[in-house]
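Colleague: I'm new to this one. Could you walk me through the labels you put on it, and how you justify them?

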Amino acid sequence: MEVTKWGAKELSDRIKARELSASEAVEAQLAQIERKETRYHCYTRVLAEEARERAKEVQRRMDAGELADSPLAGVPVAIKDNICTKGIPTTCSSRMLKNFVPPYDAAVIERLQAAGAVLIGKLNMDEFAMGSTTETSWFGPTKNPWDVTRVPGGSSGGAAAAVAAQEAFLALGSDTGGSIRQPSSFCGVTGIKPTYGTVSRYGLIAYASSLDQIGPIARSAEDCAAALDVISGTDLRDSTCIPKESYGYSKALTGEIKGMRIGIPSGYFGDGLDPEVERGIRKAADVLASLGAVVEEFELKAVDYAIPAYYVIASAEASSNLSRYDGVKYGYRTPKYEDLQEVYLKTRSEGFGGEVKRRMMIGAFVLSSGYYDAYYNKALKVKALIKQGFDEAFQKYDCILGPTAPTTAVKLGESLSDPLKMYLGDIYTVSVNLAGLPGISVPCGLDSRGLPIGMQLIGRAFGEKEILRAAHAYEQTGEYLFAPCTE
Amino acid sequence: MKVYETVIGLEVHVELATRTKIFCGCSTKFGGAPNTRCCPVCTGMPGTLPVLNKKVVEYAIAAGLALGCRITQKCKFDRKNYFYPDLPKAYQVSQLYLPICRDGGIEIDTPAGRKTIGIHEIHMEEDAGKLVHDPWDDVTLVDYNRCGVPLIEIVSEPDMRSAQEVVAYLEKLKLILQYLGVSDCKMQEGSLRADINLSVREMGAKEFGVRTEMKNMNSFKAIARAVEGERKRQIELLEEGRRVVQETRRWDDNKDMSFAMRSKEDAQDYRYFPEPDLVPVEISDEWLEEIRARQPELRDEKMLRYEREYGIPAYDAAIITASKQMADLFEAAAALCGRPKEVSNWLMVETMRLMKEAQTEPEDLSVSPEKLASLILLVEKGTINRTVAKKVYEKIFFEDVDPEEYVKQNGLGMVQDDSLLRSTAESVLAQNPQSVADYKGGKAKAMGYLVGQTMRAMKGKANPAKVNEMIQELLSR
């Protein structure tokens with residue numbers, strides 16, 4: 001049995017059918033991690049003993065007839081290391097929080113556990129989710145399972161790589177400007193960022209509060225839908241989590257997209273887009289059209305300033321969100337200091353990496369007196385215009401299709417020297433966060449180097465069902481491609 | 001010397017009397033062992049989020065309505081960023097851009113007549129923790145119990161011109177807030193504290209002078225002295241041809257002078273921006289009307305009603321309503337015994353005396369209305385006389401005894417036996433022939449002596465009216 005190749009939902013169904021036990025699933029997963037982890041470094045911490053214990057407990061619940069309706073019962077799930085887990089270090093891949101042990105579980109962790117999922121480990125990421133390569137991690141980079149000389153993307157690089165390398169059936173990541181979708185694209189897996197307000201952020205260590213959203217990464221839209229069914233829903237502890245009439249994402253996967261109107265912004269095919277990626281997207285568009293969708297190009301308004309607006313807003317919020325790491329209460333504290341000022345300065349200088357410091361400085365600058373209107377306020381106006389542009393587009397279309405990233409996975413070390421270039425890689429993803437919309441990245445073939453290409457489907461606010469349905473229908477037209485070096 | 005005018009504006013921080021904190025479910029009770037009234041939310045643990053306490057909004061609206069403000073029906077919270085160990089998130093959630101109340105005012109009485117002090121705005125915010133320095137180990141410790149206790153900051157216009165006006169404004173403000181029940185305003189516990197912005201200018205000048213700020217003042221007396229002291233200091237500077245520097249100063253009430261803390265140049269840039277973790281607060285017309293309809297009677301109305309309804313003098317009504325505790329006690333006791341005038345007398349005389357003696361603040365007055373009412377009825381029924389009643393009241397005031405039981409247990413009831421009174425009075429007269437002769441000789445005063453002696457012989461437990469009657473009767477024979 002190639003257990004680790006199964007989908008999450010498939011695994012749960014087989015455990016329910018008693019083909020294997022929850023414990024056997026955990027053992028299979030741990031064995032695969034054992035084989036591959038030194039090569040890819042997806043995890044910051046593997047919870048072997050905890051998972052074994054939990055699997056027994058879940059099996060007991062299942063034996064007692066519970067969890068029959070849970071699509072994730074018995075499934076080992078890996079969690080990005082910025083989602084708080086009670087009693088288990090949650091580091092944000094930062095020296096600053098290397099020893100931080102949260103006294104509580106994030107809302108999504110409670111929901112996963114209630115659904116009988118088994119936490120298998122915490123995943124590597126860019127420090128505090130700032131980065132697009134997972135190279136800013138204090139624990140060192142994660143490697144792309146398709147080519148270990150390349151990055152897995154980021155910031156949820158550990159999550160996407162683990163799912164690609166069969167080191168996880170399913171992972172939870174977070175997405176502030178593309179952090180679920182871009183690594184999913186680079187690693188050839190499916191990842192969805194839900195509409196802002198769909199999943200509770202309680203327990204997600206904030207990067208940019210108005211943009212952050214938790215979402216699943218898996219090897220199919222079906223598994224993403226199953227995970228969303230479990231983790232979405234209102235939470236009284238998160239005021240920005242909006243109640244909806246119906247969730248039921250799995251039920252939306254009918255395989256039928258006849259008549260679905262899909263728009264492709266012609267501006268997406270411009271400078272900086274790798275021609276091979278463009279070819280992949282156009283081919284995917286043809287497949288969707290062949291399934292009965294009405295696919296056409298159109299002009300999407302006001303996307304020019306999305307990247308600067310994103311970096312102004314996200315950095316501003318980050319500068320405030322990360323101020324609490326001051327060496328006073330928890331986390332890293334500089335060993336030698338004379339006074340309070342020095343505790344602050346040295347702790348923060350030593351505890352944070354370069355990219356985090358860069359963004360906090362940008363953030364503090366754009367919020368400072370005299371510059372607020374020129375930067376922060378202007379960025380908010382751009383954000384409103386972007387949202388307006390999408391609103392107009394969704395008058396005509398059910399989904400918007402485009403590339404997830406302008407290129408396939410880049411070489412390790414290439415981006416760190418040129419952050420501006422790295423920021424430009426977020427061109428297709430950040431505007432989706434600014435508008436608060438759902439976006440899913442779906443693998444759509446390989447480039448000539450054998451690296452996965454990802455297409456992005458963007459939906460209207462709370463339109464997860466449409467993009468999941470389209471992604472699922474598309475995935476039904478071919479087999480999932482496993483990363484070759486995992487064989 | 002030129003004639004100067006003092007210009008004063010106040011920022012008053014008031015702790016709201018909600019049961020729980022502004023963004024989490026922790027208790028707001030004062031005190032408690034350090035770090036026992038906090039949770040991951042109010043200590044700003046990574047990943048936690050604030051959830052607004054609805055009661056805080058209602059209290060802020062109630063305060064705004066009572067202070068004649070416009071209510072901002074779509075208001076927002078903002079973050080004020082600065083580093084300090086008592087601020088665990090390194091930002092305070094407050095309101096800058098859209099505060100909940102604006103443009104109000106209250107009237108105060110001054111020697112020159114009534115005057116309106118404008119309210120610029122009221123905003124909601126969270127309190128910070130407390131640093132405790134341990135001189136023994138030379139370490140500073142942080143107590144997060146106060147973190148997240150809800151505050152409103154009431155910002156006045158620079159409309160006050162003297163220490164008296166400042167105190168009148170604060171007293172009025174305190175009373176309104178207490179009547180609303182939105183705060184206990186216990187200054188010694190820091191529930192009400194004021195920042196004083198003060199400048200001076202030549203009388204008649206159009207422009208304001210350079211102002212200084214004195215922060216966190218929490219006693220009316222200290223505030224009055226600080227205003228006086230700072231006014232003098234600024235005038236002296238100007239008279240010497242020097243200038244006032246815009247700065248924050250700390251008033252040292254023991255030394256009776258203020259000290260510079262930090263100048264405008266050192267002022268922090270708080271980098272305010274909208275709080276992304278909270279959604280805007282939408283205050284519907286219905287909600288606003290509901291709160292308006294629930295507004296309690298405030299002092300001015302209450303005073304008029306006491307005169308009208310209970311027939312007590314304006315002077316008494318003013319004293320009783322000067323504290324909400326006393327007004328509540330008055331109304332409850334009056335309703336129980338049906339003798340409002342008697343209740344008023346007990347409050348005006350005995351209660352005031354005992355409060356002064358025990359240095360009780362009005363908000364700490366804890367006499368139970370049931371017990372006061374029962375005491376009044378004991379006197380009314382002739383069970384005890386007034387002299388005894390005063391002693392019993394002291395016991396009620398300090399020890400919360402039940403008057404009926406106390407009188408019974410200590411045998412303090414008046415002797416109802418007329419024959420015992422007659423025989424006692426007869427023997428007193430027999431023992432004091434001189435006084436009897438004096439009385440009969442026209443010295444009316446001698447009668448008082450004989451009454452007093454009889455009371456004494458009866459161990460104070462006789463009805464004074466009856467003693468009077470009896471002596472009169474015996475003497476006229």
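Modeller: Sure. Let's begin with the term salt bridge: a side-chain nitrogen of Lys or Arg within 4 Å of a carboxyl oxygen of Asp or Glu. Keep in mind that this is a predicted model.

Colleague: Okay, so why is the pair Arg353(B) and Glu357(B) called a salt bridge?

Modeller: The closest N and O atoms of Arg353(B) and Glu357(B) are 3.4 Å apart. The cut-off is 4 Å, so the pair qualifies. The two residues sit four residues apart in helix H8 (residues 340–358) of chain B, so about one helical turn separates them.

Colleague: What makes Arg353(B) partly exposed?

Modeller: Its relative accessibility is 36%. Buried would be under 20% and exposed over 50%, so a value in between is called partly exposed.

Colleague: And how do you know that Asp103(B) is partly exposed too?

Modeller: Similar reasoning: Asp103(B) has a relative accessible area of 42%, and in between 20% and 50% is where that label applies. Asp103(B) also forms a salt bridge with Arg70(B), with the closest N and O atoms 2.5 Å apart. Asp103(B) belongs to strand E6 (residues 101–110) of chain B and Arg70(B) to strand E2 (residues 70–71) of chain B, so the salt bridge ties together parts 33 residues apart in sequence.

Colleague: What makes Asp277(B) and Arg79(B) a link between distant parts of the chain?

Modeller: Their side chains meet in a salt bridge at 3.1 Å, N to O. Asp277(B) is in the loop between strand E15 (273–274) and strand E16 (281–282) of chain B, while Arg79(B) is in strand E4 (residues 78–81) of chain B, 198 residues away. Both are buried, which means under 20% relative accessible area.

Colleague: Which salt bridge runs between chain A and chain B, and how do you know that it counts?

Modeller: Asp277(B) again, here with Arg201(A): the closest N and O atoms are 3.1 Å apart, and the limit is 4 Å, so it counts. The count between the two chains is one salt bridge. Salt bridges with shared partners join Arg201(A), Asp238(A), Arg79(B), Glu275(B) and Asp277(B) into one network.

Colleague: What makes up the contact between the chains?

Modeller: Chain A brings 37 residues and chain B brings 31. Together they bury about 2700 Å², 60% of it on carbon and sulfur atoms. Ser239(A), Ser320(A) and Arg324(A) supply 20% of the area that chain A buries against chain B, more than any other three residues.

Terms used
Residues are numbered from 1 along each chain as its sequence is written. Chains are lettered from A and ligands numbered from 1 in the order in which they are written. This is a predicted model: local features need pLDDT of at least 70, side-chain atom pairs count only at pLDDT 80 or more; totals for chains, interfaces and linings use all residues. Side-chain values use heavy atoms; hydrogens and water are left out. Contact means heavy atoms within 4.5 Å. Buried area is the accessible area (1.4 Å probe) that two parts lose on being put together, summed over both. Buried means under 20% relative accessible area, exposed over 50%, partly exposed in between (1.4 Å probe, protein chains only).
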